[in-house]
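I opened my notebook to go through this structure one topic at a time. Here is what I looked up, in the order I looked.

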Amino acid sequence: MRILLFLLMLLSSAPSLAQEAILLRPARVFDGIDPRPHEGWSVLVRGERIEAAGPEIAVPAGARVIDLPGMTLMPGMIEGHSHLFLHPYDEASWDDQVLRESTALRTARAVAQARATLMAGFTTVRDLGTEGAGYADVGLRDAIAQGIVPGPRMLVATRALVATGSYGPRIYDAAAPLLGAEEADGPGLVAATRRQIGGGADVVKFYADYRWRAGEDSRPTFTMEEMRAATEAAHAAGRLVAAHATSPAGMRNAILAGVDTIEHGNGGTAEIFRLMREHGVALCPTLAATEAVARYRGWNGTAPEPEGVREHRASFAAALAAGVTICMGGDSGVFRHGDNGREMELMVAGGMNPADVMVAATSGNARLFRIADRVGAVRPGLLADLVAVEGDPTRDIGAARRVRLVMKGGALYREP
Ligand SMILES: [Zn+2]
C-alpha cells in the first residue's frame, strides 16, 4: 500500500512540474550582464529553469504564453544587505526590537517581510544578522526553501560577531546579557565563527568598528590579527566574510584581514578605497539606511543635508572614482522591506549610471556572493528567477520599483 502511494505521488507531481513550459514575451530582456537590453527577446521557462532566451523562440506545444507589453524582463534582483528580523526604526527603536520583542513575534514578522521582499522583485537576499533573534534566520531560510512560506532565497549570517563590549543594546547587565550579536575575542572569535557556521551560517558577518560612546567617532574593535584568523576559518569552511566598518581605521584592518565585502564604509577616504580595489574587496554602501536614519531624526529630505548624509554621499563618490566593485545592498529593515529599490535610486543619485546599478543588483551581486552558477542572469540552465517591470530600468531606475511579474524557480508569485 505504502509503495503504491509512493508511486502515485511520483507520477502525479514530479513529471508534470518538470514538463510545464511558460513562454514570457516582454518588450525587451535585460539579461543582468549586458548593460543594453535586448529588444524583442522572449524567455522560455521549463520546470524550475530557463530553457532558452532570444529573439525567435517558437511556442512549444502546450506551453503557456504570458505577454508583457511595454515591460522589461530581467533576473530577479538580489538584495545584498538585509535584516528580515528588523523593522523600521520609526516603528520601534532598535533597542526595543532587541529587548522587548519576542523571537516568535520577530519571526512571524520576518515571514511577512520575506514575502514583501519577494513581491518587490528581490528573489535572493544576503541577510546580515538577526540582531538578537539567534538562529531564527536559518529556520526562515529553510522554510522558504521547502515552500512552506513565500520569500526570497536567503544567504544568512545568523547571530553575527562583535568584540566584547562593542555592541548594543547599551543597557548591559552581565547577569542577563541580551545583545544584538555574539561577543567573542581572540581565539574565541575563531571558535564562535565555526559555531555560527555549524549552526547554519552561509556567510560570516563581524563588526570591525564601533562608536564606543555616544558622541565619539567610530573606532576599531577587533585587531587585524583577530579578523584575519576568523576570516581564515570562514574561508576554510567555504563561507565569505562581510565586515561592518564605517571608519578608515576599521575599514583598513578589515581589508588587510582579507574580508570579502565591507558594509557601509561611510567614512571611507580615497586612499582606503584604493586599498579596497587593490585587495578586491567590494563595498556594500547602504546609502538608504543613512538616509532613513536622518529622516527619523527629522530631516525632510531636502537641503541642507545632515552631515552624515553628506559624508556618505561623498564617500560613495570616492569609491566609484577609485573603481571599487559596488554591491547593491541598502540595509533593509532599518527601512521598510519591499522598499529595497530605494538604495538603487540613491546609487543613481550618487553618480552611478542606471544600467550599472541594474548589473550590480543582478549578476554583480550573484558573482560577489558566488551564486552566479544558479541565479543573477537570464541564461539557459540558470534557475528561472525572473521579474518583469514596467519601463526600462537601465534608463530610468525608478522602473525597477514598478514590478508586475515575479517568478522564482519557475513558480509564479505575481503576474500582471
Ligand atoms: Zn546591517
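**Entry 1: The closed cavity**

I began inside, with the largest cavity, whose lining is made of Ile50, Pro75, Gly76, Ile78, Thr123, Thr124, Val375, Gly376, Ala377, Leu383, Asp385 and Leu386. A reminder to myself: this is a predicted model.

How much space lies in the largest cavity? I found about 50 Å³. The structure holds one cavity of 30 Å³ or more. Sorting the lining by class, I wrote down seven nonpolar residues, four polar and one charged. I also jotted down a general idea for later: rolling a probe the size of a water molecule over the atoms shows where empty space is left.

**Entry 2: The pockets**

Next I turned to the open spaces. The largest pocket has a volume of about 1600 Å³. Its lining counts 42 residues, and Tyr89, Arg211, His244, Val293 and Arg297 are the ones nearest the centre. Which elements each supply at least two residues of this lining? My list reads α3 (94-100), β11 (203-207), β12 (209-210), α10 and α11. By class I noted 14 nonpolar, 17 polar and eleven charged residues in the lining of the largest pocket.

The second largest pocket has a volume of about 640 Å³. Of the 28 residues lining this second pocket, Thr124, Arg153, Met154, Leu155 and Arg374 lie nearest its centre. Two or more lining residues come from each of β7 (122-127), α5 (136-145), β8 and β19 (411-414). The class count for the second largest pocket is 14 nonpolar, five polar and nine charged. I had met Thr124 before, since Thr124 is also among the residues lining the largest cavity.

**Entry 3: The zinc ion**

Which protein residues are the donors of the zinc ion? I found His81 and His83, both through NE2, and Asp331 through OD, at 2.0 to 2.4 Å from the ion. Along the sequence, the donor spacing reads H-x1-H-x247-D. His81 sits in strand β6 (residues 77-82), while Asp331 is in the loop between α11 (307-321) and α12 (341-349), so this pair ties together parts that are 250 residues apart in sequence.

Are His81 and Asp331 buried or exposed? Both are buried.

**Entry 4: His264**

I then followed a contact of these two donors. His264 belongs to strand β15 (residues 261-264). With neighbours within four places in sequence set aside, the contacts of His264 include the zinc donors His81 and Asp331. Others among its contacts are His244, Cys284, Thr286 and His312. His264 has a relative accessible area of 10%, and it counts as buried because that is under 20%.

**Entry 5: The nonpolar cores**

A general point I copied first: in soluble globular proteins, nonpolar side chains tend to be buried together. Here the largest nonpolar core has 62 residues, and Phe206, Ile262, Met276 and Met344 touch the most other members. Helix α13 (residues 354-368) gives the largest share of this core, five residues.

I looked at Ile262 on its own too. Beyond its neighbours within four places in sequence, Ile262 is in contact with residues including Met251, Ile255, Met276, Val281 and Leu283. A second, separate core has 17 residues, among them Ile66, Val378, Ala384 and Met407.

**Entry 6: Backbone oddities**

Another general note: most residues other than glycine have a negative phi, and most peptide bonds are trans. I went looking for exceptions.

Where are the cis peptide bonds I wrote down? One joins Gly168 and Pro169, with omega about -10 degrees. Pro169 lies in the loop between β9 (161-162) and β10 (182-183). Another joins Ala303 and Pro304, with omega about -5 degrees. Pro304 is in the loop between α10 (287-296) and α11.

Thr158 is not a glycine, yet has a positive phi of about 55 degrees. This threonine, Thr158, is in the loop between β8 (153-156) and β9. Its relative accessible area is 0%, so Thr158 is buried.

Thr286 also has a positive phi, near 55 degrees. I placed Thr286 in the loop between β16 (282-284) and α10. Thr286 counts as buried because its relative accessibility is 1%. That links back to Entry 4, where Thr286 was one of the contacts of His264.

Definitions and conventions. Residues numbered from 1 in each chain as written. Predicted model: local features only at pLDDT ≥ 70, side-chain atom pairs only at ≥ 80, totals over all residues. Heavy atoms only, no water. Donors = N, O, S within 2.8 Å, 3.2 Å for Na, K, Ca; no water. Helix = DSSP H or I, 4+ residues; strand = E, 2+ residues; numbered from the N terminus. Buried < 20%, exposed > 50% of the residue type's maximum accessible area, 1.4 Å probe, protein only. 1 Å grid on protein atoms, 1.4 Å probe; cavity = no way out; pocket = protein on both sides within 12 Å on 5 of 7 lines; lining within 4 Å. Points joined across faces, edges and corners; volume = space filled by probe spheres on them. Nonpolar A, V, L, I, M, F, W, Y, C, P; charged D, E, K, R; others polar. Contact = heavy atoms within 4.5 Å. Core = buried A, V, L, I, M, F, W, Y, C linked by side-chain atoms within 4.5 Å.
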